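Welcome! Take a moment to look over the chain, and then let us walk through it together, one place at a time.

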Amino acid sequence: MPIKNDNFSVVLDNNQIAVRNIYAVGRNYPAHAKEMGSAVNNEPIFFQKSLTSLHTDSKIMIPRERNIHHELEVVVLVGTPGEFIDESTAIEHVAGLALGLDLTDRDLQDTLKEQSLPWFLSKSFKGSAVVSEFMMKTDGLCEKEFWLKRNEVIVQRGKMDQMVFPITKLIEYLSARMPLLKGDLIFTGTPQGVGPIEQGDNLELGIAQETLMDIEVA
Ligand code: MG
């Protein structure tokens with residue numbers, strides 16, 4: 001089957017930015033680690049999602065007969081490449097912030113975890129890396145509460161100051177191991193309240209009073 005859309009880009013300030021790599025962080029909010037029955041690690045846990053899992057449309061098709069969970073996350077867009085970036089200058093490498101969903105096939109993830117196998121296919125499938133348009137990093141996301149509504153009911157909410165490892169620390173840690181490129185995305189972990197989504201759901205992602213993305217699940 002041919003691929004309909006091979007333009008894997010995101011929008012920042014009305015400009016299209018080509019995405020390169022998609023990184024993600026596990027257990028970065030203590031209350032979420034607890035709900036998953038996991039301890040908070042003393043170092044960040046990174047994994048990757050494929051470029052082809054990127055999804056920016058307002059309609060999403062999820063895999064049928066799978067237990068797909070929403071994980072609401074702040075997503076970082078790298079603007080300035082670099083490696084061995086110090087935490088003190090890390091913010092200079094951030095072009096913008098968005099909200100996203102690290103969609104997860106939870107049953108498959110549980111099975112893979114039990115077998116001590118990589119999470120890859122439970123985290124990386126078509127449509128599984130949902131991101132809104134990016135805002136310039138100065139737009140005040142840091143101080144405000146972000147949230148996810150499922151069918152008009154808030155199911156997740158968080159603030160960036162609840163992160164175990166703040167964005168600057170994540171950039172320092174990752175860039176000491178992998179050079180960061182312009183267009184790399186980092187999903188920074190989910191607050192508590194993860195749960196299933198189903199066909200027919202309406203999902204709304206927002207900050208304070210503002211809706212950033214409205215999605216129909218098909
Ligand atoms: Mg996640």
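**A walk through the model**

Let us begin at Arg 27, which sits in the loop between β3 (22-26) and α1 (30-35). Keep in mind as we go that this is a predicted model. Arg 27 is not a glycine, yet its phi is positive, at about 50°. For background, most residues other than glycine have a negative phi. Is Arg 27 buried, partly exposed or exposed? Its relative accessibility is 24%, so Arg 27 counts as partly exposed.

Asp 13 makes a good companion to look at next. Its phi is near 55°, again a positive value in a residue other than glycine. You will find Asp 13 in the loop between β1 (9-12) and β2 (15-18).

Now turn to the metal. Which residues supply the protein donors of the magnesium ion? They are Glu 71 (OE), Glu 73 (OE) and Asp 102 (OD), which lie 2.0 to 2.1 Å from the ion. Along the chain, these donors follow the spacing E-x1-E-x28-D. Glu 73 belongs to strand β8 (residues 72-78) and Asp 102 to strand β9 (residues 94-102), so this pair, 29 residues apart, links distant parts of the chain. Glu 73 is buried, with a relative accessible area of 0%. Asp 102 also counts as buried, because its relative accessibility is 0%.

From here, have a look at a sheet. Three strands form an open sheet in the order β10-β7-β16, with antiparallel pairing. Standing at the edges are β10 (104-105) and β16 (195-196); each has a single partner strand, so one side of each is left without a neighbour in the sheet. As general background, strands of a sheet pair through backbone hydrogen bonds. Strand β7 (residues 68-70) runs antiparallel to β10, and two bridges join them. To see this pairing up close, find Ile 68, which stands opposite Asp 105 in β10.

Our last stop is an open space. The second largest pocket holds about 150 Å³. Its lining is made by Ile 91, Val 94, Leu 97, Lys 137, Cys 142, Met 160, Asp 161, Pro 166, Ile 167 and Thr 168. Which elements give two or more residues to this lining? They are β9 and α4 (167-175). Strand β9 may sound familiar, since Asp 102 of the magnesium site lies in that strand. By character, the lining residues of the second largest pocket divide into seven nonpolar, one polar and two charged.

Note on methods: Residues numbered from 1 in each chain as written. Predicted model: local features only at pLDDT ≥ 70, side-chain atom pairs only at ≥ 80, totals over all residues. Heavy atoms only, no water. Donors = N, O, S within 2.8 Å, 3.2 Å for Na, K, Ca; no water. Helix = DSSP H or I, 4+ residues; strand = E, 2+ residues; numbered from the N terminus. Buried < 20%, exposed > 50% of the residue type's maximum accessible area, 1.4 Å probe, protein only. Pairing = 2+ DSSP bridges. 1 Å grid on protein atoms, 1.4 Å probe; cavity = no way out; pocket = protein on both sides within 12 Å on 5 of 7 lines; lining within 4 Å. Points joined across faces, edges and corners; volume = space filled by probe spheres on them. Nonpolar A, V, L, I, M, F, W, Y, C, P; charged D, E, K, R; others polar.
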